[in-house]
Amino acid sequence: MMRRWLRITLMLGLITVVGGLGRADVLRADQDDKRPPQTLGTGFESTDQLQRDAERAEKGPLHSAWIVESSRFLNVPHRAFQPDVGDPPFVDLPVNIGIIKAPDGKITLYDSGWKQLAYIFNWNTSCCWYGLRAQLQAIGLDPDAVTTIVLGHGHWDHAGQLSEFPNAVLYIQKEELKQIDFFLNYPLEFNSGHIRAVNTINPLTGLQIGPPQQACARSPVCGYPPQTVHEILGKVLANKAQIVNGRHEINRGLVIHPAFRGHTYGSQLLQVNTTRGQLVFGSDTYSSWTGIRDWFVANIQQTDTIQQFLAYEKCYVLTAGLNSFNNCISAHEPTSYTAGYPITSNWWNIPNGNCSRAAELTLAPGEPTHVPAVPDRTPPSSCHSTVPPHSITP
């Protein structure tokens, strides 16, 4: 009798548990929270919100847009960059900077490349570096017309020439500054000092400080060397920074969208209204355009891949009206400046630009082309880059 009673009791308990699990109010998330898991509230935008931004921008000014190549990483293992892709085994990756010109002539930069020559050539296998101001002039744009710089994120290859534009206002996410602050004080006791928070080359001597860096590119703590932090915080301390928290409209047709943890904690996209629809610049959140096209992750060493895919979706929604994913602008797409990446196919080697390249993406009405009448399209394999004169001091 006792055993029968225990069996009945256990069955009733199991029914109660299963019934509780099946209740909609138990299984469903909070009814007031429509965000996907793993997203910050300030970083989430619904499809409806993004569509409204696209529709609002379409009624605004039309912009012209170009990209220029700040430098180029050579012979990167493809699987390290895109694990879903194995062939070719090695690829060259450009470091692309966006240039956006408004009808009033004012220029917005998306990212700024780098200028720390000591570790461009001594710390990395790189090619083709050329100063951004000189690049602008060489393609027929006025560097003094740069009024705004939007940082896709604050890593050294994207935030290194801010001081070249002292009057420009920097737009950076609060979350990015919080990440920088955390990693500058990264507790070394967690890793015995083997992975440093910042670049540990002494800029005065060129010598290593402390233990050698190990696997720096694969750790989120080492993207902010001292010179780059100085560039970013210099803008903040000079009251030349606009610290934003999530979505922010700079002007009609020029909108920042958060992509938190799509690469760094405070990554952000830039939506630009043009004659070919909405362009969306993505920095390292959009490391690979073919990744967006084919839904492959890229540059995963410092990326929450869920957030990267959610950022891909933002581009698909914003560009749905015209050209779709073809309007997603990548920072490191290997096929940049070829027909393989169609929006960059109208490219040329920048005159006297040390083999760096430019591409005209789209022109607003009345803006003349900046592509030379006889563009130099010497292939990279036949263009010989040189190390510019430099010292090891900033």
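This is a short tour of the structure, stop by stop, with something to select at each one.

**The whole chain**

Start with everything in cartoon view, and keep in mind that this is a predicted model. The protein chain has 394 residues, of which 50% count as buried. Its secondary structure comes to 10 helices and 14 strands. Among contacts between residues at least 6 apart in sequence, 68% join residues at least 24 apart.

**Strands 1, 2 and 3**

Select residues 90-101, which make up strand 2. Strand 2 is mostly covered, with 10 of its 12 residues buried. Now add residues 64-77, strand 1, which runs antiparallel to strand 2 and is joined to strand 2 by 10 bridges. To see the register, show Trp66 as sticks and look across to strand 2, where Ile99 stands opposite.

Next, bring in strand 3, residues 107-110. Strand 3 is antiparallel to strand 2, and four bridges join the two. One partner pair to pick out is Lys101 with Ile107 in strand 3. The hairpin of strand 2 and strand 3 has five residues between the strands, and there Gly105 takes a positive phi near 90°.

**From Lys101 to Glu367**

Stay on Lys101 and show its side chain. Which residue forms a salt bridge with Lys101? The partner is Glu367, and the closest N and O atoms are 3.2 Å apart. Lys101 belongs to strand 2, whereas Glu367 sits in the segment after strand 14 (357-362), so the salt bridge ties together parts that are 266 residues apart in sequence. Are these two residues buried or exposed? Lys101 has a relative accessible area of 18%, so this residue is buried. Glu367 also counts as buried, at 16% relative accessibility.

**More salt bridges**

The total count is 11 salt bridges. For another one, select Glu164 and Lys115, whose closest N and O atoms are 3.1 Å apart. Glu164 is in the loop between strand 5 (146-150) and strand 6 (169-173), and Lys115 is in the loop between strand 3 and helix 5 (117-122), so this pair links parts 49 residues apart in sequence. Glu164 is partly exposed at 29% relative accessibility, and Lys115 is partly exposed at 26%.

Then move to Arg293 and Asp294, a salt bridge with its closest N and O atoms 2.9 Å apart. Asp294 counts as partly exposed at 33% relative accessibility, and Arg293 likewise counts as partly exposed at 33%. After that pair, select Glu69, Arg72 and Arg357: salt bridges that share partners join these three residues into one network.

**The five-stranded sheet**

Now select strands 8 to 12. They form an open sheet in the order 8-9-10-11-12, with mixed pairing. The edges are strand 8 (248-251) and strand 12 (328-329), each of which pairs on one side only. Inside the sheet, colour residues 268-274 (strand 10) and 277-281 (strand 11), which pair in the antiparallel sense over five bridges. Zoom in on Leu270 and you will find Phe281 of strand 11 standing opposite.

Add helix 3, residues 47-58. Helix 3 lies across strand 8, strand 9 (254-258), strand 10 and strand 11, and runs at about 35° to strand 10.

**The second largest pocket**

Keep helix 3 on screen and add helix 10, residues 305-318, because each of these helices supplies at least two residues of the lining of the second largest pocket. Helix 10 contributes the largest share, six residues. How many residues line the second largest pocket in total? The lining has 20 residues, and those nearest the centre are Gly43, Phe44, Glu45, Leu310 and Lys314. If you turn on a surface here, the pocket volume to keep in mind is about 280 Å³.

**Helix 7 and its neighbours**

For the last stop, select helix 7, residues 174-184. Show Glu175, Glu176, Leu177, Gln179, Ile180 and Phe183 as sticks: these residues are buried. What do the buried residues of helix 7 pack against? Display strand 6, helix 8 (226-237) and strand 7 (241-244) to see their packing partners. When looking down the helix axis, it helps to recall that an α-helix has 3.6 residues a turn, so residues three or four places apart point the same way.

Conventions. Residues are numbered from 1 along each chain as its sequence is written. This is a predicted model: local features need pLDDT of at least 70, side-chain atom pairs count only at pLDDT 80 or more; totals for chains, interfaces and linings use all residues. Side-chain values use heavy atoms; hydrogens and water are left out. Two strands pair if DSSP finds at least two bridges between them. Contact means heavy atoms within 4.5 Å. Axes are lines fitted to C-alpha atoms, for helices over the stretch in contact, and angles run from 0 to 180 degrees between N-to-C directions. A salt bridge is a side-chain nitrogen of Lys or Arg within 4 Å of a carboxyl oxygen of Asp or Glu. Buried means under 20% relative accessible area, exposed over 50%, partly exposed in between (1.4 Å probe, protein chains only). On a 1 Å grid over the protein atoms alone, a cavity is a set of points where a 1.4 Å probe fits but cannot get out, and a pocket is an open set with protein on both sides within 12 Å along at least five of seven lines; lining residues have an atom within 4 Å of a point. Grid points are joined across faces, edges and corners, and a volume is the space filled by probe spheres set on the points.
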